[in-house]
Amino acid sequence: MNCRSWSRSLLGAALLLAAAASAHAFDRAELDSAVAARLDAAVADLQAWVRIPSITAAGDPHRADKTALLNAVVARAQALGLAARLLSGQQVAVVELGQGPDALGILVHADVVPAGDAARWAHPPFGGELVDGAVWGRGSLDDKGPLAASLYAMAALKDSGLPLTRPVRLIVGSSEENMDWRDLDAVRAAGLVPAEGWTADAGFPVIYAEKSYLDVAVRFDGAADPVLRQFSGGTAPNAVPEAATASLAGEPPKLAAALKAAIGAYQGGATPASFALRETATGVEITTRGKAAHGAKPEAGINAVTHLARLLHGARQALGIDTASAQGRAVAFIAEQLGLETDGGTLGLRHSVANLGASTVNLGLLSGSDEGLRAQLNIRVPTGLDLATQRARLTQALAPYQARLEVIEGKEALWVDPQTPLVQTLLGIYRQFTGDQTAPMAIGGTTYAKAFPGFVAFGMGFPGGPMLAHAENERLEVDHLRRGMAIYLAALAQLAAGVTLQPPPSP
């Protein structure tokens with residue numbers, strides 16, 4: 001489109017929307033036209049932003065690439081006529097339309113997870129290539145595409161000329177992926193936390209409730225065990241360990257006989273793990289095989305670590321494991337306090353509420369050597385049992401085992417009344433655009449909505465699509481970018497300007 005036709009399109013959309021404002025409604029054709037006029041620019045920006053490897057990795061919360069991306073977002077926002085700046089620390093960008101109290105907020109993030117093996121991608125993970133109607137690359141879906149949709153929806157609202165009843169504030173964080181959200185402290189320090197809003201970093205229709213999220217490490221230090229020399233398993237705290245191994249020192253035939261007897265007598269519940277033995281020159285190695293599952297649904301898996309701990313604890317006398325050693329105390333804790341439970345009942349964390357379901361506790365990682373063991377737990381609890389209470393009960397449960405509790409990360413549970421105008425407005429707009437009557441959702445996972453009070457998760461993933469966030473060949477369909485931008489524009493117009501979307505005429 002040439003510059004003159006571009007200007008005519010913007011002016012026409014602005015006039016139409018402004019005229020419709022007096023009737024407190026605008027029609028779908030006008031909104032679609034405003035979105036179409038900006039789609040090519042949004043795609044081009046998304047491609048450019050994907051090419052900036054704004055990676056957040058463990059132990060590396062701040063990188064120059066992330067600041068470079070935030071600067072690019074600020075420059076684009078300013079070019080679109082929006083007020084934009086980086087906050088202190090240069091890790092958060094804020095884009096604003098209008099001034100005053102009671103701001104409506106949109107929260108997105110500019111950082112991405114590592115790409116993994118680039119050879120497994122059909123297109124370069126940081127190439128931002130437009131192929132087969134989609135922008136390919138790490139972050140295209142999570143969360144740079146939603147960032148582009150939100151920014152251009154704000155620009156369309158500005159150009160419409162609609163008088164605002166409240167300001168709109170787009171907040172772009174840069175350390176979301178490692179659950180370290182301290183970059184958002186700059187937003188709080190500047191007094192810029194919106195009154196309510198949504199994160200465009202999840203899925204449609206609306207997520208109004210989430211369990212709390214607590215990652216803790218339990219450390220068992222002290223004298224090494226003379227028999228149990230190594231015990232480990234798991235790959236991530238939020239995944240059920242599929243495998244675990246333990247190495248025991250001593251006479252191989254004697255140890256093997258004791259373990260075989262223990263395996264024969266083992267009661268593993270309805271879904272037992274399997275065990276395999278291998279004699280070595282210095283003892284026996286035992287491997288346990290379970291079933292992997294997401295840490296938010298540990299009941300769907302078979303935890304190899306907890307099963308192996310129960311086996312070793314039951315055979316501790318025959319094996320000669322010292323119950324006072326670091327390894328012996330760790331085995332006892334896992335077997336006695338976790339066992340086959342997945343709801344934290346023995347730990348004092350059992351709790352359930354309607355829609356959110358029951359608490360879940362997953363031992364996702366166990367590591368260590370003859371100097372001690374470290375178990376990492378991922379705990380998710382519905383509203384009504386806050387993080388302070390959870391920590392107190394964990395500390396009490398650990399006391400008999402002389403273990404230390406270290407909190408790695410914690411996020412309180414999220415709950416916004418689904419009958420609030422915010423949720424009902426967002427839900428109604430989504431349904432009007434899609435015809436999908438799915439009810440608002442309560443989930444066991446965690447979204448960026450937990451960052452600020454009064455926030456929910458609203459898009460930008462559409463139901464039924466492939467789950468490509470964090471996966472190889474991540475990509476965002478241009479049509480999904482268009483649909484997301486249209487939905488966000490309608491939501492902003494209604495919630496920040498009091499202008500509703502007029503349904504299309506009946507055929």
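# Structural briefing: fold, charge pairing and local geometry

The protein chain has twelve helices and 26 strands. The model is a predicted one. Its C-alpha atoms fill a box of roughly 85 × 50 × 45 Å along the principal axes. Of the 507 residues in the chain, 54% are buried. Among contacts between residues at least 6 apart in sequence, 77% join residues at least 24 apart.

**Salt bridges**

- The count of salt bridges comes to 21.
- Arg169 and Glu96 form one such pair, with an N to O distance of 2.8 Å. This pair links distant parts of the chain, as Arg169 belongs to strand β7 and Glu96 to strand β3 (residues 93-97), 73 residues apart. Arg169 counts as buried because its relative accessible area is 8%, and Glu96 is likewise buried, at 16%.
- Glu472 and Arg120 meet in a salt bridge of 2.5 Å, N to O. The two residues are 352 apart along the chain: Glu472 lies in the loop between β24 and β25, and Arg120 in the loop between β4 (104-109) and β5 (130-131). Glu472 is partly exposed, with a relative accessible area of 33%, whereas Arg120 is exposed, at 52%.
- Arg166 and Glu196 are joined by a salt bridge of 2.9 Å, N to O. Here the separation is 30 residues, with Arg166 in the loop between α4 and β7 and Glu196 in strand β8 (residues 196-199). Arg166 is buried at 8% relative accessibility, while Glu196 is partly exposed at 22%.
- A network of salt bridges links Arg219, Asp221, Arg404 and Glu406.

**Buried charged residues without a salt bridge**

- Asp436 is located in the loop between α11 (421-434) and β22 (441-443). This residue is buried yet has no salt bridge, and the nearest side chain of opposite charge, Arg431, is 6.8 Å away. A salt bridge requires the nitrogen and the carboxyl oxygen to be within 4 Å, so the pair does not qualify.
- The side chain of Asp436 does make polar contacts with two other side chains: that of Tyr430 at 2.6 Å and that of Thr438 at 2.7 Å. Not counting residues up to four places away in sequence, Asp436 touches Tyr430, Arg431 and Pro463.
- Lys211 lies in the loop between β10 and β11 (213-221). Lys211 is also buried without a salt bridge, and its nearest side chain of opposite charge is that of Glu299, 6.9 Å away.
- The side chain of Lys211 reaches the backbone oxygen of Ala358 at 2.4 Å. Beyond its neighbours within four places in sequence, the contacts of Lys211 include Leu356, Thr360, Arg380, Ile443 and Lys450.

**Backbone geometry**

- A cis peptide bond joins Asp142 and Asp143, with omega about 20°. Asp143 is part of helix α4 (residues 140-160).
- The peptide bond from Phe204 to Pro205 is also cis, with omega near 5°. Pro205 sits in the loop between β9 (202-203) and β10 (207-210).
- Met179, a residue other than glycine, has a positive phi near 65°. Its position is the loop between β7 (168-173) and α5 (185-189). Met179 is buried, with a relative accessible area of 14%.
- His470, again not a glycine, has a positive phi near 70°. This histidine lies in the loop between β24 (460-461) and β25 (475-477). At 43% relative accessibility, His470 is partly exposed.

**Second largest pocket**

- About 250 Å³ of space lies in the second largest pocket. Twenty residues line this pocket, and those closest to its centre are Asn303, Gly339, Leu340, Glu341 and Thr342.
- The elements that give two or more residues to the lining are α7 (304-314) and β18 (360-369). Strand β18 gives the most, with three residues.

**Surroundings of His480**

- His480 is found in helix α12 (residues 478-497). The residue counts as buried because its relative accessible area of 19% falls under the 20% cut-off.
- Not counting residues up to four places away in sequence, His480 touches Met460 and Phe462.
- The C-alpha atoms of His480 and Leu377 are separated by 36 Å, and the two residues are 103 apart along the chain.

Methods
Residues are numbered from 1 along each chain as its sequence is written. This is a predicted model: local features need pLDDT of at least 70, side-chain atom pairs count only at pLDDT 80 or more; totals for chains, interfaces and linings use all residues. Side-chain values use heavy atoms; hydrogens and water are left out. Helices (H or I, at least four residues) and strands (E, at least two) are DSSP runs, numbered from the N terminus. Buried means under 20% relative accessible area, exposed over 50%, partly exposed in between (1.4 Å probe, protein chains only). Lys and Arg count as positive and Asp and Glu as negative; His and the chain ends are not counted. A polar contact is a pair of N or O atoms within 3.5 Å; within protein, one must be able to donate a hydrogen and the other to accept it, and residues adjacent in sequence count only if both atoms are side-chain atoms. Contact means heavy atoms within 4.5 Å. On a 1 Å grid over the protein atoms alone, a cavity is a set of points where a 1.4 Å probe fits but cannot get out, and a pocket is an open set with protein on both sides within 12 Å along at least five of seven lines; lining residues have an atom within 4 Å of a point. Grid points are joined across faces, edges and corners, and a volume is the space filled by probe spheres set on the points.
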